[in-house]
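Below are some notes on side-chain packing and charge pairing, for reading alongside the model. Please check each point against the coordinates as you go.

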Amino acid sequence: SGATRMIEDKALEGVNAVLALHVASDMPARRISIADGYASANEDSFEVWLRGTGGHGAFPHQAIDPTFILAQVLNTLHGIRARRIDPTKAAALSIGMIQAGAASNVIPSQVYLAGTMRSFEDGVRQQLRDELAKALEISRVLGGDFELRLKPGYPSMYNDPDVAHIVRVATRDLVGAHTLIDPEPMMGAEDFSYMTRQAPGAMFMLGAKKDTLDRPHHTPVFDIDEAAMPLGVAVLVDAACRLLRQKAS
């Protein structure tokens, strides 16, 4: 993470506030959006190996089948959000990869799965981790075993309401209130969150949709309307100047 390296290099020493700009390829060009409070999520990735003994498909009673165990584990994992997390709290758990077996008539000895967990509040983040480990215990009840590898990611990003307000004021004064778009909550992750945990700060989104095609970030077709960039720079600079004047006064 670039943010952690900057913090380690003492880039935030003596800093009273932080600002960031992020382009949004799915938002109308030359529009600004900024949220108060949580603006991105905690992110934890995980890998799991469900282990059985494997065997011949014609003799399932002689094997401990990890694919059968997987079916029970998946139901339990997807029940964490529905039945273990406070429904008023934001959380998500998704499985993105499952790999098992190499032949149609062979019961494999293990199943691999990987996924991601998202949350806003740190307490919910820890609960997701705990519930994940508990859910996997089903494999042992069914005679198998598991190995869990948790890979902690970025923390959630909290936009300080006072800093976010300054960005909105700067936008209104520069180009008018019509430029502002109401933010939509999202569960993506952002390493600027490390900085907002060191100093009050906020990240705003700059609309830069290029055309009618869907061009998501981190895909081969990603592209933006670069004509939107001057507006983003102007808002960033004006908001920074306002924060400096506020500190000086």
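**Notes on aromatic and charged pairs**

1. E131 counts as buried, at 8% relative accessibility. The model is a predicted one, and this point concerns a charged side chain in it. The side chain of E131 meets that of K134 in a salt bridge, with 3.7 Å from N to O. Both residues belong to helix α3, and their spacing of 3 residues separates them by about one helical turn.

2. The pair in point 1 belongs to a longer list: a search of the whole structure finds 19 salt bridges. In general, side chains of opposite charge can pair when their charged atoms come close.

3. A second salt bridge to look at is that of K151 with E47, where N to O is 3.8 Å. This pair links distant parts of the chain, since K151 sits in strand β9 and E47 in strand β4, 104 residues apart. What is the burial state of each partner? K151 is partly exposed at 39% relative accessibility, whereas E47 is buried at 14%, which is under the 20% cut-off.

4. E147 and R149 also form a salt bridge through their side chains, at 3.7 Å from N to O. E147 is partly exposed, with 29% relative accessibility. R149 is partly exposed as well, with a relative accessible area of 41%.

5. The pairs in points 3 and 4 should be read together. E47, R51, E147, R149 and K151 are linked in a network of salt bridges.

6. Turning to the rings, a search of the whole structure finds 4 aromatic pairs. One of them is Y38 with F120, which is stacked, with 5.5 Å centre to centre and 5° between the planes. Y38 is in strand β3 (residues 37–40), while F120 is in the loop between β8 (110–119) and α3 (122–136), so the pair ties together parts that lie 82 residues apart in sequence.

7. Are the two rings of that stacked pair buried or partly exposed? Y38 is partly exposed at 35% relative accessibility, but F120 is buried at 13%. Y154 and Y194 make a further pair: their ring centres are 5.8 Å apart and their planes meet at 85°, so this one is edge-to-face. Y154 lies in the loop between β9 (145–152) and β10 (157–159), and Y194 in helix α6 (residues 193–196), so this pair ties together parts 40 residues apart in sequence.

8. Both tyrosines of the edge-to-face pair are partly exposed: Y154 has 29% relative accessibility and Y194 has a relative accessible area of 24%. Returning to the stacked pair, Y38 and F120 form one aromatic cluster with Y158.

9. F120 also takes part in a polar contact through its backbone. The side chain of N42 reaches the backbone oxygen of F120 at 3.1 Å. N42 is found in strand β4 (residues 42–51) and is buried, with a relative accessible area of 1%.

10. Which residues does N42 touch, leaving aside its neighbours within four places in sequence? Its contacts include M117, R118, S119, F120, E121, D122 and R125. Y154, P155, S156 and R197 are also in contact with N42. Among these contacts are F120 and Y154; F120 belongs to the stacked pair, and Y154 to the edge-to-face pair.

Definitions and conventions. Residues are numbered from 1 along each chain as its sequence is written. This is a predicted model: local features need pLDDT of at least 70, side-chain atom pairs count only at pLDDT 80 or more; totals for chains, interfaces and linings use all residues. Side-chain values use heavy atoms; hydrogens and water are left out. Rings of Phe, Tyr and Trp (its six-membered ring) pair if their centres lie within 6.5 Å; planes under 30 degrees apart count as stacked, over 60 as edge-to-face and the rest as tilted. Helices (H or I, at least four residues) and strands (E, at least two) are DSSP runs, numbered from the N terminus. Buried means under 20% relative accessible area, exposed over 50%, partly exposed in between (1.4 Å probe, protein chains only). A polar contact is a pair of N or O atoms within 3.5 Å; within protein, one must be able to donate a hydrogen and the other to accept it, and residues adjacent in sequence count only if both atoms are side-chain atoms. Contact means heavy atoms within 4.5 Å.
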